[in-house]
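Work through the exercises below with the structure open beside you. Try each task before reading its solution.

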Amino acid sequence: MKHLVANWKMNFVNLDVWLKDFDLNNISEEIKVVICPNYLDIKDLYKKTSETHKKILISAQNLSSETEGAFTGQISGKMLRNIGASYSIVGHSESRLQGEDDETILNKVQTALDCDLIPILCIGENQDEYSKGRTEKKIKHQLTENLFPLKNLSNGVLIAYEPIYAIGSGIAVQNEHLEEVSILIKDLIRDNLGRDLTLVYGGSVTSESAKNLAKVDGIDGFLVGNASLDPKEFANIAQSLE
Ligand code: PEP
């Protein structure tokens, strides 16, 4: 089963127009389509997709590391679950930039699982780390700090490998690099958790770059930012996963 995740970030999307132009009929049953709208649109999108686009699953873009209580301005995984989300992104580089540390991210992955949400854990090196040959060190560090201490992963966790320099840059990573990193991630997960997890790639995926990226062994789908705002382009990306 492949995953195709749309991260709409903080962009305005007209749900009716987007859904009208997103033709699920041409998308294989073997692809799980997950959409991450802003928090305020989750309920509405869930309602609309339940009527016309049943195969679409909904994800939050983040969640609180706490389940309930005096945490002003936070949104709990339970609340997200109650309004139709079944996934949540955790540790996106744009959230890490706003000060989320490794311990918080670990707690968020655990909280998502406790709330019956599948976490989409984002990891990846920045340009400086890549240039200095420190990709492996960074990936090991993030998996060790953000994932491996967790024990009960029965619902599974989706890993999104998102090299920071590829996000929003218009330039996806080279296949050789992606293949090396995907082997590294899968081996580390198998060695430390004794199981496999789904691995998607994110960073300037378009219908054009997807054709090539989809050839990489070990990549089980894509997390798409900018290009997912265009429903036809997003549907074309799905074609490359078939
Ligand atoms: C992202 O925000 O996770 C992302 C992959 O963005 P883009 O596709 O625009 O690079």
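**Exercise 1. Find the bridge partner of Val 5 in E2, then describe how E1 and E2 pair.**

Solution. This is a predicted model.
- Step 1: Start at Val 5. Its bridge partner in E2 is Val 34.
- Step 2: Move to Lys 2. Its partner in E2 is Ile 31.
- Step 3: Take the strands whole. E1 covers residues 2-7 and E2 covers residues 31-36. They run parallel, joined by 6 bridges.
- Step 4: Check the cover on E1. Of its 6 residues, 5 are buried.
- Step 5: Do the check for E2. Here 5 of the 6 residues are buried, so the rest of the structure largely encloses this strand.

**Exercise 2. Follow the sheet on from E2 and state what the strands form.**

Solution.
- Step 1: Go from E2 to E3, residues 56-60. The two strands run parallel, with 3 bridges between them.
- Step 2: Pick out one pair. Ile 35 has Ile 58 as its bridge partner in E3.
- Step 3: Continue round. The order is E1-E2-E3-E4-E5-E6-E7-E8, a closed barrel of 8 strands with parallel pairing.
- Step 4: Add the twist. From one strand to the next it averages 25°.

**Exercise 3. Which strands does helix H2 lie across, and which strands does helix H5 touch?**

Solution.
- Step 1: Locate H2 at residues 42-52. It lies across E2 and E3.
- Step 2: Give its direction. H2 runs at about 175° to E3.
- Step 3: Locate H5 at residues 102-114. H5 packs on the sheet and touches E4 (87-90) and E5 (118-123).
- Step 4: Give the angle. The direction of H5 makes about 160° with that of E5.

**Exercise 4. Describe how helices H7 and H8 meet.**

Solution. Two packed helices are described by the angle between their axes and the distance between the axes.
- Step 1: Take the distance. The axes of H7 (residues 135-146) and H8 come within 11 Å.
- Step 2: Take the angle. The axes cross at roughly 35°.
- Step 3: Add the hand. The crossing is right-handed.
- Step 4: List the residues. H7 brings Thr 135, Glu 136, Ile 139, Lys 140 and Leu 143. H8 brings His 177, Val 181, Leu 184, Ile 185, Leu 188 and Ile 189.
- Step 5: Sort them. The contact has 7 nonpolar, 2 polar and 2 charged residues.

**Exercise 5. Which residues touch the most other members of the largest nonpolar core?**

Solution. In soluble globular proteins, nonpolar side chains tend to be buried together.
- Step 1: Take the core's 67 residues. Leu 143, Leu 147, Ile 159, Ile 185, Tyr 201 and Phe 222 touch the most other members.
- Step 2: Ask where members come from. H8, residues 175-193, gives the largest share, 7 residues.
- Step 3: Look closely at Ile 185. Beyond four places in sequence, it touches Ile 123, Ile 139, Leu 143, Ile 159, Tyr 161 and Leu 199.
- Step 4: Turn to a second, separate core of 11 residues. Its members include Val 34, Cys 36, Cys 122 and Val 200.

**Exercise 6. Is Glu 242 buried or exposed, and what does it touch?**

Solution.
- Step 1: Begin with H10, residues 231-240. Because 7 of its 10 residues are buried, this helix is largely enclosed by the rest of the structure.
- Step 2: Name its cover. E1, H1 (15-21), E2, H9 (207-213) and E8 (221-224) are among the elements over its buried residues.
- Step 3: Go past the helix. Glu 242 is in the segment after H10.
- Step 4: Apply the cut-off. Exposed means over 50%. Glu 242 has 53% relative accessibility, so it counts as exposed.
- Step 5: Find its contacts. Beyond four places in sequence, Glu 242 touches Asn 26, Ile 27, Ser 28 and Ile 31.
- Step 6: Compare sequence with space. Glu 242 and Ile 31 are 211 residues apart in sequence, and their C-alpha atoms are 8.0 Å apart.

**Exercise 7. Where is Ser 204, and what is notable in its phi?**

Solution.
- Step 1: Place Ser 204. It is in the loop between E7 (198-202) and H9.
- Step 2: Read phi. The value is near 60°, positive in a residue other than glycine.
- Step 3: Judge the burial. Its relative accessibility is 15%, so Ser 204 counts as buried.

Note on methods. Residues numbered from 1 in each chain as written. Predicted model: local features only at pLDDT ≥ 70, side-chain atom pairs only at ≥ 80, totals over all residues. Heavy atoms only, no water. Core = buried A, V, L, I, M, F, W, Y, C linked by side-chain atoms within 4.5 Å. Buried < 20%, exposed > 50% of the residue type's maximum accessible area, 1.4 Å probe, protein only. Helix = DSSP H or I, 4+ residues; strand = E, 2+ residues; numbered from the N terminus. Contact = heavy atoms within 4.5 Å. Axes fitted to C-alpha atoms, helices over the stretch in contact; angles between N-to-C directions. Left-handed = near helix turned anticlockwise from the far one by under 90°. Nonpolar A, V, L, I, M, F, W, Y, C, P; charged D, E, K, R; others polar. Pairing = 2+ DSSP bridges.
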